[in-house]
Amino acid sequence: MSRTNPPPRRRRRALLTAGALAATALGTGGMMQGTASAADFACEVDYSANDWGSGFTANLSITNTGSTATNGWTLTYSYAGNQRLSQGWNGQWSQSGQTVTVRDTGWNGAIAPNATVSTGANFTYSGTNAAPTSFAVNGVTCGEDGGGPGPGPGPDPDPPGDRVDNPYEDAGVYVNPDWSANAASEPGGSAIADEPTAVWLDRRAAITGGSAGNSTGLREHLDNALVQAEEHENFVFQVVVYNLPGRDCAALASNGELAADEIDVYKEEFIDPIADILGDPAYSDLRIVTIIEIDSLPNLITNVSPRETATENCDEMLANGHYQEGISYALATLGDIPNVYNYVDAGHYGWIGWDDNFGASAELFHETATMNGATVDDVAGFIVNTANYGPTVEPHYTINDSVNGTSVRQSDWVDWNRYVDNQSFALGFRDELVRQGFNSEIGMLIDTSRNGWGGPDRPAGPGPRTDVNAYVEGSRIDGRYQAGNWCNQEGAGLGERPTASPVPNIDAYAWIKPPGESDGASREIPNPEGKGFDRMCDPTYEGNPRNGYNMSGALPDAPLSGHWFSAQFQELLANAHPPL
Ligand code: BGC
């Protein structure tokens, strides 16, 4: 891509549109629906178990100790062990991780003041079977055995935290042998073939492996990791969890195998089997970093009606709630494994950095992380720039610069964003997430695999201070036509090598997108992976509202997303910064 003679840029309008924030259209989650108002509701729950060593029958009764009849009820409580629901009655029973949810059957939804309803279920377990200590009905904590309503532990007490603050600290990180072999087979590739990259679980078949494109399964990777870990005191295994129903709703290149309504398949055939493997005690000494569902939640803020950037698929995924349900389920289920560190994908500065998107995204993240049994303790942190190209740091200008009294925010490139790079965004967004209720210990990751922007076109210093556009154009190392461009970007280079704790509150620079794996095909290629053809990967495409109608900047002749793209790998090596 030529930096010196870019095509005329049209102003990006869509991301600035102050449309109704998507978050306000969201439901509140199942808990409070169809109930008497929480204010005058109070309850007691009586729990007993008939235990035969490897299983038990739980009998529960709910008494309405308030003054208003319920119009539907939802009971939640948690076990501390591995109790597994087999079958329930007189209620709709479900389990997510250690959290059990029982909804009324319809016919027993009304509980008059002082009346009691009973429900029960069979469970299996091994080890110990401690009785649950706290119950909530319709989100109100209940008293037990005649005690009044009172404070108690939340519905999902996490296992006693032996998690460290930053899993990357003093730790080796898993080198994926599949990627490493591809890299090493390229001229010059051996310079980076021993860098750690993430394992992607991008379809059910990737869990077991053994099929084309997924040769190594999850267990085999973890077994490899145990061997690599022998050289290190601590060891991180990075795995991307990426298979939501209706995946990649604003684009086509990474559409997945699950249809928009296949949330149960996602839970039962994707998350549960992953949790079974990650929870195997054989792997309990690994620090397992999970990267949760790239691009999904941000899409529900920025690419939904009434914004100009809306897509039908994102509208559908917002309306059906399956992104949030899937992510909360993944967080709760994986978060129950004490050595798993969940990092939720938070987009990147050139997407969420605008005021319209920033607070609304953090709010949606918090809502999602606290529904269906997930809690903020299930979230170790967030990752920005996954599989994207935005610089970690723009070295030659900052958001606070101005030229002749005009702020760089008014330049065409920055276009009123609050950030000019991903590190400042990650730190700013972290503060907002904590403000919304996430733990103050959360850490951020930045995917630096392809955001180096070295090579001959990289500016050596700031641009001329003649006017704000000349200054920004001359300064910026980001060589894209527009910060919304995401597919196989021409001119990009490898970024910072994976590093632990580069600055406070950034847990690591990590290579999550394996460099050399395509972002999407540049023309239509029939395939059995569910992947579509997105014209953002076509170098002749002149854009859409999501990139402000700019050229795509994509390399030609790219294969399907995830497939090896030798020409891109070579360019990433050539334009690496820091140089190799
Ligand atoms: C693809 C995945 C692939 C991943 C890593 C994504 O764009 O959709 O199939 O595993 O990139 O290369």
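Q: Helices (H or I, at least four residues) and strands (E, at least two) are DSSP runs, numbered from the N terminus; how many of each does the protein chain have?
A: First, a word on the model: it is predicted, local features need pLDDT of at least 70, side-chain atom pairs count only at pLDDT 80 or more, and totals for chains, interfaces and linings use all residues. Residues are numbered from 1 along each chain as its sequence is written, and side-chain values use heavy atoms, with hydrogens and water left out. For the protein chain, the secondary structure comes to twelve helices and 21 strands.

Q: What percentage of the residues of the protein chain count as buried?
A: Buried means under 20% relative accessible area, exposed over 50%, and partly exposed in between (1.4 Å probe, protein chains only). The protein chain has 580 residues, and the buried share of them is 57%.

Q: What area does the protein chain expose?
A: Accessible areas come from the Shrake-Rupley method with a 1.4 Å probe, and for residues only the protein chains shown count as cover. Carbon and sulfur atoms supply 50% of the exposed area. The total that the protein chain exposes is about 21,800 Å².

Q: Among contacts between residues at least 6 apart in sequence, what percentage join residues at least 24 apart?
A: Contact means heavy atoms within 4.5 Å. Take the contacts in the protein chain between residues at least 6 apart in sequence; the share that joins residues at least 24 apart is 76%.

Q: Is Ala-332 buried or exposed?
A: Ala-332 sits in helix H7, which covers residues 322-335. Its relative accessibility is 0%, so Ala-332 counts as buried.

Q: How far apart in space are Ala-332 and Ser-96, C-alpha to C-alpha?
A: Leaving aside neighbours within four places in sequence, Ala-332 is in contact with Ser-96, Asn-372, Gly-373, Ala-374 and Asp-378. Ala-332 and Ser-96 are 236 residues apart in sequence. In space, C-alpha to C-alpha, the two are apart by 6.7 Å.

Q: Are H4 and H7 roughly parallel or roughly antiparallel?
A: Axes are lines fitted to C-alpha atoms, for helices over the stretch in contact, and angles run from 0 to 180 degrees between N-to-C directions. H4 and H7 pack at about 20°, with their axes 10 Å apart. That makes H4 and H7 roughly parallel. Angles under 35 degrees count as roughly parallel, over 145 as roughly antiparallel, 65 to 115 as roughly perpendicular and the rest as oblique, so the word for H4 and H7 is roughly parallel.

Q: How many nonpolar residues does the contact of H4 with H7 have?
A: On the H4 side, the residues include Ile-263, Tyr-266 and Ile-271, and they meet H7 residues such as His-322, Tyr-329 and Leu-334. The contact of H4 with H7 has three polar and three charged residues, plus nonpolar ones numbering nine. Ala, Val, Leu, Ile, Met, Phe, Trp, Tyr, Cys and Pro count as nonpolar, Asp, Glu, Lys and Arg as charged, and the others, Gly among them, as polar. The nonpolar count is therefore, with those classes, nine.

Q: Is the crossing of H3 and H4 left-handed or right-handed?
A: The axes of helix H3 (residues 218-229) and helix H4 (residues 263-278) come within 10 Å and cross at roughly 25°. That makes H3 roughly parallel to H4. A crossing is left-handed if the near helix is turned anticlockwise from the far one by less than a right angle, and right-handed if clockwise. The way H3 passes H4 is right-handed.

Q: Are H9 and H10 roughly parallel or oblique to each other?
A: Helix H9 (residues 355-369) and helix H10 (residues 422-436) have axes that come within 9 Å and cross at roughly 50°. H9 passes H10 in a right-handed crossing. Given their angle, H9 and H10 are therefore oblique.

Q: Which residue does the cis peptide bond from Ser-305 lead to?
A: Omega of this bond is near 5°. The residue on the far side lies in the loop between helix H5 (296-302) and helix H6 (312-320). The residue is Pro-306.

Q: Is Asn-488 buried or exposed?
A: Asn-488 has a positive phi of about 40° although it is not a glycine. Its place is the loop between helix H11 (468-475) and strand S20 (499-503). At 0% relative accessibility, Asn-488 counts as buried.

Q: What is the relative accessible area of Asn-505?
A: Asn-505 lies in the loop between S20 and strand S21 (506-510). Phi of Asn-505 is near 75°, a positive value in a residue other than glycine. Asn-505 is partly exposed, with a relative accessible area of 37%.
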